[in-house]
Amino acid sequence: MTSKKIAIIGAGVMGKKHAQTIARHQQAELIAICDPFSDVLAQEYKVAHYQDLEQLFSHEKVDGVIIANPNRFHVSTAITCMQHGVACLLEKPLALDTNEALQLIVAQNKLNIPILVGHHRRHNKIIQQAKEIIDQGILGDINTFNVLWSVYKPDHYFDIEWHRKSGAGVLAINLVHDLDLMRYLNGEIESVQAMMGHKNRNLEVEDTISITLRFENGALATLLASDAAVSPWGWDQNTEENKTSFASSPDQNCYFISGSEGALSVPQLEYWNYPQNNEKSWSTTLVKNKIEPDKTEDVYISQLSHFIDVIDQKVQPISSAQDAIRNIQLLECIEKSARENRTIFIESLELERKSA
Ligand SMILES: NC(=O)c1ccc[n+]([C@@H]2O[C@H](COP(=O)([O-])OP(=O)(O)OC[C@H]3O[C@@H](n4cnc5c(N)ncnc54)[C@H](O)[C@@H]3O)[C@@H](O)[C@H]2O)c1
């Protein structure tokens with residue numbers, strides 16, 4: 001198979017991460033970097049540097065782009081790339097808000113070019129294993145879904161001004177990934193109730209949040225998170241997905257899911273059921289089973305392999321624009337719930353092709 005020619009748009013922290021990933025991937029070749037302010041990454045990888053998209057597309061034949069520029073440029077950049085017929089791996093968030101995301105979806109419906117949104121955790125093999133356990137019905141009908149995310153962001157993190165402002169807190173920066181996985185594993189969310197706390201740092205941005213959610217399938221969920229609390233519970237710490245940025249606590253769990261037939265902890269992938277032919281009762285001792293969590297492949301490599309299949313139209317994106325818009329809508333509803341101190345129901349969105 002010939003390598004796919006990939007250009008990166010936005011050469012900051014994530015652009016660099018994607019460049020490193022492409023360099024390690026057998027079927028991808030980095031051919032250019034587009035960033036109006038920096039050519040450092042292009043020099044490091046000895047590839048062409050362009051300051052804008054028109055220059056990029058007039059000089060290069062590109063199979064796919066990875067868009068890792070600031071959030072406010074995501075929609076306009078993706079539309080321009082689609083107009084040039086180029087498939088996009090678009091970093092999350094899809095857009096700044098639901099309305100802007102809808103504009104992107106309308107454009108995509110017209111142009112018919114694939115977009116994979118960078119909700120990279122969906123590519124983690126442990127999540128695929130957990131999904132298989134759930135989809136096989138080993139837990140029965142899911143009743144409860146508990147998520148914990150509690151870490152201590154160093155005080156200097158808040159020296160950067162936008163980190164202190166609302167919209168840049170635990171919810172939008174960190175929990176968006178957990179919310180995405182909750183939807184991936186257990187379907188769409190119907191309503192939310194949330195409370196935010198600011199007492200630890202006394203900043204405009206929340207440092208602690210509790211969210212109660214009802215899924216469309218009737219399951220209830222809680223998500224409890226703080227970036228001002230010391231604990232070993234959190235996705236990155238427990239899965240070791242991103243060891244270069246986060247310390248590990250690999251013996252702990254951060255998701256606890258239970259249903260009518262059993263329970264599952266993630267990422268340890270321990271699951272419990274009653275022994276066959278025994279009464280289902282709180283007085284019957286549970287059998288504990290375990291699947292070895294698969295940590296063999298880097299999640300960004302898996303994401304890039306999937307993007308290559310998306311470019312070749314072998315698969316539909318695991319995280320499409322039509323799917324990722326629901327994460328944005330969910331964040332808006334959670335913020336609204338905390339602000340107005342009431343339950344918010346998620347409105348249905350008209351995303352069909354006819355809406356174009
Ligand atoms: N998947 C994840 O877990 C994850 C983690 C961090 C960031 N992100 C997302 O990745 C994106 C980039 O974040 P980052 O932390 O790398 O930011 P960053 O500030 O480090 O880098 C952004 C880069 O974009 C460049 N840029 C600015 N305007 C541009 C334009 N019009 N066209 C092209 N490049 C432009 C800047 O010069 C900078 O080099 C954001 O959308 C962010 O939300 C995702």
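Okay, so let's start with the two halves of this thing: the C-alpha centres of domain 1 and domain 2 sit 29 Å apart. Keep in mind that this is a predicted model. As for who belongs where, domain 1 takes 4-119 plus 300-320, and domain 2 covers 122-296.

Now, how do they meet? Domain 1 puts 9 residues into the contact, and domain 2 puts in 12. Together they bury about 870 Å², with 53% of that on carbon and sulfur atoms. Which three residues do the most on the domain 1 side? That would be Lys-92, His-119 and Ile-318, which supply 63% of the area that domain 1 buries against domain 2, more than any other three residues.

What about polar stuff across that interface? The rule gives 0 salt bridges between domain 1 and domain 2, but it does find 2 residue pairs in polar contact, both at pLDDT 80 or more. On the side of domain 1 that touches domain 2, helix H9, residues 299-311, brings the largest share, 3 residues. By type, that side of domain 1 splits into 2 nonpolar, 5 polar and 2 charged.

Okay, on to the ligand. There are 22 residues around the ligand, and the ones that come nearest are Met-14, Asp-35, Asn-71, His-74 and Lys-92. And yes, that's the Lys-92 from the interface trio.

A few distances to oxygen atoms of the ligand, then. Asn-71 has a polar side-chain atom 2.5 Å from one. For Asp-35, again with a polar side-chain atom, the distance is 2.7 Å. With Met-14 it's a backbone N or O atom, 2.8 Å from a ligand oxygen. That's my bit, thanks.

Methods. Residues numbered from 1 in each chain as written. Predicted model: local features only at pLDDT ≥ 70, side-chain atom pairs only at ≥ 80, totals over all residues. Heavy atoms only, no water. Domains from an automatic or database assignment. Contact = heavy atoms within 4.5 Å. Buried area = accessible area lost by both parts, 1.4 Å probe. Salt bridge = Lys/Arg side-chain N within 4 Å of Asp/Glu carboxyl O. Polar contact = N/O pair within 3.5 Å; in protein donor to acceptor, adjacent residues only side chain to side chain. Helix = DSSP H or I, 4+ residues; strand = E, 2+ residues; numbered from the N terminus. Nonpolar A, V, L, I, M, F, W, Y, C, P; charged D, E, K, R; others polar. Near = heavy atom within 4 Å.
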